[in-house]
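Work through these short exercises with the model open. Try each task before you read its solution.

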Amino acid sequence: MPNRRILVLDDDAAVGQTIQWIAESLGFEAEFVTRPDEFLQRLDQMSPDIITIDLVMPELDGVEIMRLLAERKCRAKIVISSGMGTRVLDAAQRSASEHGLSIAGVISKPISKEALRLLVGEGSESNEPQSVETQSASRDEFEVTAPDLQNALDRHEFVLAYQPKIECRSGATAGFEALVRWKHPDRGIVMPDQFIPVAENAGLIDALTAQIFDQSLEWFSQSFPQSNLKLSLNISAKSLVDIQMADNLSAVCHRFQIDTERIVLELTETSAMVDPILSLDLLTRLRMKGFQLSIDDFGTGFSSMIQLVRLPFSEIKVDKSFVMQAQHSSESRSVIKSIVELGHSLGLLVTAEGVENLKTLDYLNSLGCDLAQGYFIARPMPGEAARNWVEQRKQRIST
Ligand code: C2E
Ligand code: CA
Ligand code: CA
């Protein structure tokens, strides 16, 4: 496998050179530039896997550079470096994520080898756990249209990956979240962010959810017929308009002989609910039928406190943007701590998603957070692998 490439932009040549050396010592192919125009030129020629950007530069600052990268639909992982305080770094990181860029993290100057390695791994051999799905995922964006999706539904091209959730305290498997992927005949695996919004706008999301429900419940009932494991499924806020939904979903559970209490429905963007009163009725009916309800991405603008109090949730999911920063940002740790306390004071289970290292898992455990999910524990994986994962985990915990 060829070495991974890093492109460094820093207006201070001495700092740029140092980062280049550190990156090379980690096995990367590395280059540094000091000017934004040079940077954009090298970006096209080199197509780096990772970019490190100084936040504060005289000509064009890091935030402007990230806007340009977003316009170019840059897929490289970005490391933001700066001598600024953590609040500014966090804000820059959030801005970059909101522009759709993939952020590996922020790193304070002076940059150490260990800090860089923790964020980006090593150049010759990725130390990020890779799964089949990340290797084959389609990297180039393509315009998904409603007829494409209709076709994909007709041909049953949607498949599910399952990501484990564990109990923070014991480390035992608590369940899985089902995450949809489109197995495109020409483009390989297409990720949900590329087609869920299209499905929502084209009125196809209910048909998609129905297929996902059927497929995942079949897998779940065959894999774990007699167990306490739970299965979490994502439900679009746009789907909360059909009052029959609770009956339809219960019927599927009944068909596969799964207790509705083992199913957790995760809702995002609750503020985008089409009809707030109907949604309240619908969610109340779902709870009465036994389903667990989780408020996803809590702490972002879309899942607000008002919705938390108004709707009958049983679980709160701390957004991964805070969790992924826990190790580096005391502000993020404060937010997580407050959400755990808030959740518990309302009698809810608290899950943290986006757990990417042991330190964060330990921190969550020290807060009394109930459940954890993230790449450190396991990446989303095909059904068969998920079944084996549970077995292996049991053996690891008992030894
Ligand atoms: P989500 O519900 O917040 O799901 C968590 C996303 O974070 C997943 O991305 C997962 O692969 C990723 N993730 C998990 N652990 C980590 C980690 O440690 N670090 C990082 N950086 N990421 C992590 P994915 O699978 O690409 O899904 C993206 C979004 O698409 C989901 O966000 C959800 O909103 C939506 N989605 C996925 N499956 C479905 C579905 O079946 N129905 C609906 N309506 N939406 C879905
Ligand atoms: Ca979710
Ligand atoms: Ca989430």
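**Exercise 1.** In this predicted model, find the residue that bridges the calcium ion (ligand 2) and the calcium ion (ligand 3).

*Solution.* Start with the ions: they lie 4.2 Å apart. The residue that bridges them is Asp296. Asp296 has a relative accessible area of 4%. The cut-off for buried is under 20%, so Asp296 is buried.

**Exercise 2.** List the donors of the calcium ion (ligand 2) and place them along the chain.

*Solution.* Four donors are listed: Glu177 (OE), Asn234 (OD1), Glu266 (OE) and Asp296 (OD). They coordinate the ion at 2.1 to 2.4 Å. Their spacing in sequence reads E-x56-N-x31-E-x29-D. Now take one pair, Asn234 and Asp296: they are 62 residues apart and link distant parts of the chain. Asn234 sits in strand β9 (residues 230–235), Asp296 in strand β11. Asn234 is partly exposed, at 30% relative accessible area.

**Exercise 3.** Do the same for the calcium ion (ligand 3).

*Solution.* The donors come from Asp296 (OD), Asp297 (OD) and Glu353, which is listed with OE twice. Distances run from 2.2 to 2.6 Å. The spacing is D-D-x55-E. Asp297 belongs to strand β11 (residues 292–298) and Glu353 to strand β13 (residues 349–353), 56 residues apart. Glu353 counts as buried, at 8% relative accessibility.

**Exercise 4.** How many disulfides does the structure hold?

*Solution.* The count is 0. Check Cys168: the nearest cysteine sulfur, that of Cys369, is 4.3 Å away. A disulfide needs sulfur atoms within 2.5 Å, so Cys168 is in none. Cys168 is buried, with a relative accessible area of 7%.

Note on methods:
Residues are numbered from 1 along each chain as its sequence is written. Chains are lettered from A and ligands numbered from 1 in the order in which they are written. This is a predicted model: local features need pLDDT of at least 70, side-chain atom pairs count only at pLDDT 80 or more; totals for chains, interfaces and linings use all residues. Side-chain values use heavy atoms; hydrogens and water are left out. Donors are N, O and S atoms within 2.8 Å of the metal (3.2 Å for Na, K and Ca); water is not among the atoms, so sites may look incomplete. Helices (H or I, at least four residues) and strands (E, at least two) are DSSP runs, numbered from the N terminus. Buried means under 20% relative accessible area, exposed over 50%, partly exposed in between (1.4 Å probe, protein chains only).
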